[in-house]
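User: Could you take a close look at one part of this model for me? I'd like to hear about the sheet and the helices that pack on it.

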Amino acid sequence: MSQQTERPDQDTAEPQLPRPRRGGPGRRTWTLVWSFVLVAAIGLLGGVVSIPYVAIGPGPTFNTLGSVDGTTVISVQGQNTFPTKGQLRMTTVSLTDSVTLFGALGLWASGRYSLAPREEYFKPGESQQDVQKENVQQFTDSQSNAQVAALRYLGYPMKVLVGSITKGSPVTGVLNAGDRLLAVNGAKVTTSQQVQDALKNTKPGQAVPVTFQRNNAAEQTATITLGHSDDRAWGFMGIGPIDRPDVNFQVKISLADVGGPSAGLIFALSIIDKLTPDNLDNGGVIAGTGEIDDQGNVKPIGGIPFKMIAAKEAGATAFLVPSDNCTEAKEHAPDGLKLIKVGTLSDAVSSLQALKAGKPTTGC
């Protein structure tokens with residue numbers, strides 16, 4: 001009897017396992033490891049390393065007729081003022097420096113911020129502290145210009161003071177910053193423009209009399225031998241005259257941690273509102289922006305789309321826009337915010353009076 005050998009069925013046979021590889025991790029493992037390292041590095045750099053851009057967005061707004069942190073923004077000492085009912089809000093933009101890639105993308109994606117190359121806001125080698133210092137000086141100048149423009153508009157008399165003095169100029173050692181100029185070359189002066197006009201018919205080397213007053217001392221006259229300047233044909237005295245109101249009361253503006261020149265228009269309007277019974281805002285919320293010079297001319301500013309957003313969120317129903325900013329403002333105006341075009345302080349006052357009376361105003 002023949003013997004048969006039993007063979008296992010194919011379906012139940014034990015499969016042959018691959019032999020384990022000897023040595024280190026395989027190619028797939030290394031690919032995964034390096035991919036993880038790359039992602040981690042990108043994440044670290046994107047979240048830590050700054051990019052050469054700044055983020056610009058809406059900043060805080062301030063009611064210049066009210067108080068901030070318990071301090072009255074605009075106070076008048078030595079003169080009766082009138083009560084105000086509504087709000088005149090100055091607007092600002094926020095500038096964020098040293099943003100990371102992920103931080104910048106997050107701000108941009110929010111729709112409230114835009115990104116701009118850092119070099120547009122910071123000069124080479126200039127720090128954020130340097131820019132802040134410059135902004136504070138501009139803010140201080142805007143306050144002075146606002147006071148002069150407002151009181152000039154209201155008809156108060158003016159006086160002219162010595163502002164800056166050019167180093168080594170003909171007046172060095174004779175005039176000091178802050179001296180009041182009374183007459184130049186025989187002509188009485190009460191404004192800086194009159195000082196310039198008094199010198200236009202002179203020549204370099206000509207001796208002219210200058211009458212001035214220092215502090216509360218008696219007036220005195222000195223003879224100044226005019227110098228030469230490359231930017232003019234007439235004699236050069238070497239001062240920067242500035243206009244100031246000749247009044248016996250003081251206007252004080254107190255607002256910390258704000259910079260730039262663009263609050264000038266709203267400051268001037270608030271001074272006028274406090275010194276007159278008109279109630280320019282009619283009890284409502286009016287916002288705006290605009291640099292102003294001491295003659296009351298309103299100049300354009302930057303960041304107006306973000307300032308309008310901030311104004312609308314603060315409850316403003318109307319926004320004062322410098323004439324040269326109108327095109328940009330019209331393109332970005334939030335719904336429900338009325339734009340009012342202004343070229344001068346007088347324009348702004350007239351427009352607010354018209355708005356109060358329900359009359360048409362000039363829009364953008």
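Analyst: Helix α5 lies across β5 (87-96), β14 (285-288), β17 and β18, and runs at about 160° to β5. Helix α8 packs on the sheet too, touching β5, β14, β17 and β18, with its direction at about 145° to that of β18. Bear in mind that this is a predicted model.

Now for the helices themselves. α5 (residues 264-275) and α8 (residues 345-356) pack at an angle of about 60°, and their axes are 10 Å apart. That angle makes α5 oblique to α8, and the crossing of α5 past α8 is right-handed. On the α5 side you'll find Leu265, Ala268, Leu269 and Ile272, which meet Leu345, Ala348, Val349 and Leu352 of α8. The residues of this contact split into eight nonpolar, no polar and no charged.

As for the sheet, it's an open one with six strands in the order β6-β1-β5-β14-β17-β18, and its pairing is mixed. At the edges stand β6 (114-117) and β18 (338-342); each has a single partner strand, so one side of each has no neighbour in the sheet. Neighbouring strands are turned by 35° against each other on average, direction ignored. At the β6 end, β1 (residues 53-63) pairs with β6 in the antiparallel sense over four bridges, and Ala55 sits opposite Leu115 of β6.

How far to trust it? The chain's mean pLDDT is 85, with 84% of residues at 70 or more. Among the elements, strand β17 (residues 318-322) has the highest mean, 98, while helix α1 (residues 27-48) has the lowest, 51. Where pLDDT is low, don't read the predicted coordinates in detail.

Note on methods:
Residues are numbered from 1 along each chain as its sequence is written. This is a predicted model: local features need pLDDT of at least 70, side-chain atom pairs count only at pLDDT 80 or more; totals for chains, interfaces and linings use all residues. Side-chain values use heavy atoms; hydrogens and water are left out. pLDDT is the predictor's confidence in each residue, from 0 to 100. Helices (H or I, at least four residues) and strands (E, at least two) are DSSP runs, numbered from the N terminus. Axes are lines fitted to C-alpha atoms, for helices over the stretch in contact, and angles run from 0 to 180 degrees between N-to-C directions. Angles under 35 degrees count as roughly parallel, over 145 as roughly antiparallel, 65 to 115 as roughly perpendicular and the rest as oblique. A crossing is left-handed if the near helix is turned anticlockwise from the far one by less than a right angle, and right-handed if clockwise. Contact means heavy atoms within 4.5 Å. Ala, Val, Leu, Ile, Met, Phe, Trp, Tyr, Cys and Pro count as nonpolar, Asp, Glu, Lys and Arg as charged, and the others, Gly among them, as polar. Two strands pair if DSSP finds at least two bridges between them.
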